[in-house]
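Colleague: Before we discuss the metal sites, please show me the model and explain the terms you apply to it.

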Amino acid sequence: MVLVIGSSSTLSYAAHAGKVACPLEETARNYDRHVIDLHTHSTASDGTEEPALVMERAAQAGLDVVALTDHDTTLGWAEAGEAAVALGIVFVPGIEVSCARRGRSIHLLAYLPDPAHPVLAAELERARVSRDTRLDRIVERMAADGIPITAEAVWAEVSEGATAGRPHIADALVTAGVVQHRDEAFATWLGNDSPYYVGHYAPDPVRAVEIVRAAGGVPVIAHPWSGTRGRVVADRLLEEMTAAGLAGVEVHHRDHDEDAVRHLTRIAHELDLLVTGSSDYHGAGKLNRLGEHTTSAVVFDAIESQGSGTPVVRG
Ligand code: AMP
Ligand code: FE
Ligand code: FE
Ligand code: ZN
């Protein structure tokens, strides 16, 4: 299989059928001294690999520092931390907090927050519970329209205690042989504009920034320009979030084209925000490869020094 990093995903998937993209063959290699990737997912949310396996893959990919940032949960931290120590890499506990404003989804990375902070923990719990009921509603709508899917099949794809999301519906469709891979399911039925789409509870992004800071975490907005044209996070919102305590912007990300990188780099400079880059690895669930975008050691040091809720894990 030939995979072109940075290409649009549907075409790149065309060469192989099945649930998965080939994770190992395509592992990015970067031999710089400190290779730092601050955005990955495991089976604690919608990644396809257990937290320990994500760490193993990270070590194999030559990463020195890796964050696990599952959606709305810290469930994978303990396993990932232990694995990272055994592998001799540095583990950064993180969360990708789902936020929404006027029905639009915005993702906020939170590094080193205290997972026991009552307000943060309550917000995450509320989002996870809402995600569960909304997943059933999406499936009901799809099934009512004749799409061969059941709630049982979908829940069979969700690990115990994990944050449920549309990728798990996609996985059930792949398992049933209805589609070839997640991307096809999103292109066909699961997109944000789909008639089957149902949203879930998520805090406003400004409030989420305040909560993450209150929990001793370091808030960095994830892929702000990954939306389709015209639906990107507005500069005004970045300013509002910055006033509330936003620390940085994930500028270097597969979903950002050159224009996005240029614009976000400029606004990050104007607002005095840290600039990060990450893979947003989801195992075989997406084409994103570990280390395909990285964060500088200087920026990582700044994140670590601002974080007080939970420590970076070093062996
Ligand atoms: P949800 O959390 O249920 O709103 O689903 C959104 C998640 O689906 C994102 O976090 C992505 O990881 C994943 N996702 C979105 N689009 C795609 C796609 N085209 N292929 C695979 N995964 C996707
Ligand atoms: Fe995801
Ligand atoms: Fe995201
Ligand atoms: Zn992510």
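**Reasoning about the two iron sites**

Modeller: D46 is buried, with a relative accessible area of 9%. The model is a predicted one.

Colleague: Why is D46 called buried?

Modeller: Buried means under 20% relative accessible area. D46 has 9%, so the term applies.

Colleague: What makes H282 buried or exposed?

Modeller: H282 has a relative accessible area of 3%, which is under 20%, and therefore H282 is buried.

Colleague: Which protein atoms are donors of the iron ion (ligand 2)?

Modeller: They are D46 (OD), D46 (OD), H71 (NE2) and H282 (NE2), at 2.2 to 2.8 Å from the ion. A donor must be an N, O or S atom within 2.8 Å of the metal, so these atoms qualify.

Colleague: Why is the site of the iron ion (ligand 2) called irregular?

Modeller: The site has six donor atoms, with angles of 51 to 152 degrees among them. Six donors count as octahedral if opposite donors are over 155 degrees apart; the angles here reach 152 degrees, so the site is irregular.

Colleague: What are the protein donors of the iron ion (ligand 3)?

Modeller: E96 (OE), H107 (ND1) and H223 (NE2) lie 2.0 to 2.3 Å from that ion. E96 lies in strand β3 (residues 90–101) and H223 in the loop between β5 (218–221) and α9 (235–244), so this pair ties together parts 127 residues apart in sequence.

Colleague: How do you know whether E96 and H223 are buried or exposed?

Modeller: E96 has 1% relative accessibility and H223 has 11%. Both values are under 20%, so both residues count as buried.

How values were computed: Residues are numbered from 1 along each chain as its sequence is written. Chains are lettered from A and ligands numbered from 1 in the order in which they are written. This is a predicted model: local features need pLDDT of at least 70, side-chain atom pairs count only at pLDDT 80 or more; totals for chains, interfaces and linings use all residues. Side-chain values use heavy atoms; hydrogens and water are left out. Donors are N, O and S atoms within 2.8 Å of the metal (3.2 Å for Na, K and Ca); water is not among the atoms, so sites may look incomplete. Four donors count as tetrahedral if all angles lie between 85 and 135 degrees; four count as square planar and six as octahedral if opposite donors are over 155 degrees apart and all others between 65 and 115; anything else is irregular. Buried means under 20% relative accessible area, exposed over 50%, partly exposed in between (1.4 Å probe, protein chains only). Helices (H or I, at least four residues) and strands (E, at least two) are DSSP runs, numbered from the N terminus.
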